[in-house]
Amino acid sequence: MTRETLVDEDKTITIKVSALRQGTVIDHLRRGTGLHVLELLGLEHEGTVTIGLNLDSQKLKQKDLIKIENRELTQEEVNKIAILSPEATLSIIRDFKVFSKIRPELADELEGLVRCLNPSCISNNERIKSRFLVHKRSPLQLRCYYCERAIPEDEIQLA
Ligand SMILES: [Zn+2]
């Protein structure tokens with residue numbers, strides 16, 4: 001098996017991982033969000049998934065990291081990761097090289113990504129997409145465009 005030494009951006013960790021020929025590395029995930037991200041991406045594709053939880057990081061103290069073989073992310077998945085973990089970085093690997101590296105940006109308005117917690121909200125009862133305004137960024141607070149329900153960071157439920 002080919003091996004590479006993956007050195008973290010902030011140079012605090014060195015982990016041995018099998019080299020990724022094609023796929024995506026999601027780094028600098030907030031501690032505790034790795035499994036959520038994995039869940040939202042699903043695992044039905046062919047390919048190895050490597051996950052590191054509670055890794056040391058200078059930037060975040062501790063972080064989660066996911067490497068997914070043979071898979072690139074959709075814009076919707078990137079947007080959801082930005083909600084769960086705004087500091088995350090995504091590297092797309094093609095032919096063993098970093099093809100592009102992005103930091104998902106949280107838009108000012110989120111459509112169809114988050115569920116409204118108000119059961120009588122129109123977005124839970126009609127066939128319309130939920131719509132939220134980003135009211136505060138740190139900690140994250142969302143406000144429903146339709147019923148104005150405020151949702152704090154720790155209560156956010158992805159759609
Ligand atoms: Zn609502």
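**Exercise 1. Which residues in α2 are buried?**

*Solution.* The model is a predicted one, in which local features need pLDDT of at least 70 and side-chain atom pairs count only at pLDDT 80 or more, whereas totals for chains, interfaces and linings use all residues. Residues are numbered from 1 along each chain as its sequence is written, and side-chain values use heavy atoms, with hydrogens and water left out.

Begin with the terms: helices (H or I, at least four residues) and strands (E, at least two) are DSSP runs numbered from the N terminus, while buried means under 20% relative accessible area, exposed over 50%, and partly exposed in between, with a 1.4 Å probe and protein chains only. On that basis, the buried residues of α2 are Glu77, Val78, Lys80, Ile81, Ala82, Ile83 and Leu84. Because seven of the ten residues of helix α2 (residues 75-84) are buried, the helix is largely enclosed by the rest of the structure.

Next, consider the cover, where contact means heavy atoms within 4.5 Å. The elements covering the buried residues of α2 include the helix α1 (34-41) together with β3 (22-30), β6 (89-94), β7 (97-102), β8 (109-111) and β10 (140-144). As background for the whole protein, buried residues make up 39% of its 159 residues.

**Exercise 2. Describe how β4, β5 and β3 pair, and place Lys61 in that arrangement.**

*Solution.* Two strands pair if DSSP finds at least two bridges between them. Strand β4 (residues 49-57) pairs with β5 in the antiparallel sense over seven bridges, with Gly52 standing opposite Leu65 in β5, and a hairpin of three residues joins β4 to β5. On β5 there is also an antiparallel pairing with β3, made through six bridges, in which Ile68 of β5 is the bridge partner of Thr24.

Lys61 is found in strand β5 (residues 61-69), and it counts as exposed because its relative accessibility is 69%. Not counting residues up to four places away in sequence, Lys61 touches Leu55 and Asp56. Arg30 lies 31 residues from Lys61 in sequence, yet their C-alpha atoms are 9.4 Å apart in space.

**Exercise 3. Trace the pairing from β8 through β9 to β10.**

*Solution.* Three bridges join β8 to strand β9 (residues 131-137), the two running antiparallel, and Phe132 in β9 is the bridge partner of Leu110. From β9 the path continues to β10 through a hairpin of two residues; these strands are likewise antiparallel, with five bridges between them, and Arg137 has Leu140 in β10 as its bridge partner.

**Exercise 4. Characterise the second largest pocket and its lining.**

*Solution.* On a 1 Å grid over the protein atoms alone, a pocket is an open set of points where a 1.4 Å probe fits, with protein on both sides within 12 Å along at least five of seven lines, and lining residues have an atom within 4 Å of a point. About 170 Å³ of space lies in the second largest pocket, a volume being the space filled by probe spheres set on the points, which are joined across faces, edges and corners.

The lining consists of Arg30, Gly32, Thr33, His36, Ile83, Leu84, Leu140, Glu153, Asp154 and Ile156. Taking Ala, Val, Leu, Ile, Met, Phe, Trp, Tyr, Cys and Pro as nonpolar, Asp, Glu, Lys and Arg as charged, and the others, Gly among them, as polar, the lining divides into four nonpolar, three polar and three charged residues. Domain 1 (3-102) and domain 2 (109-155), whose bounds come from an automatic or database domain assignment, each contribute at least three residues to the lining.
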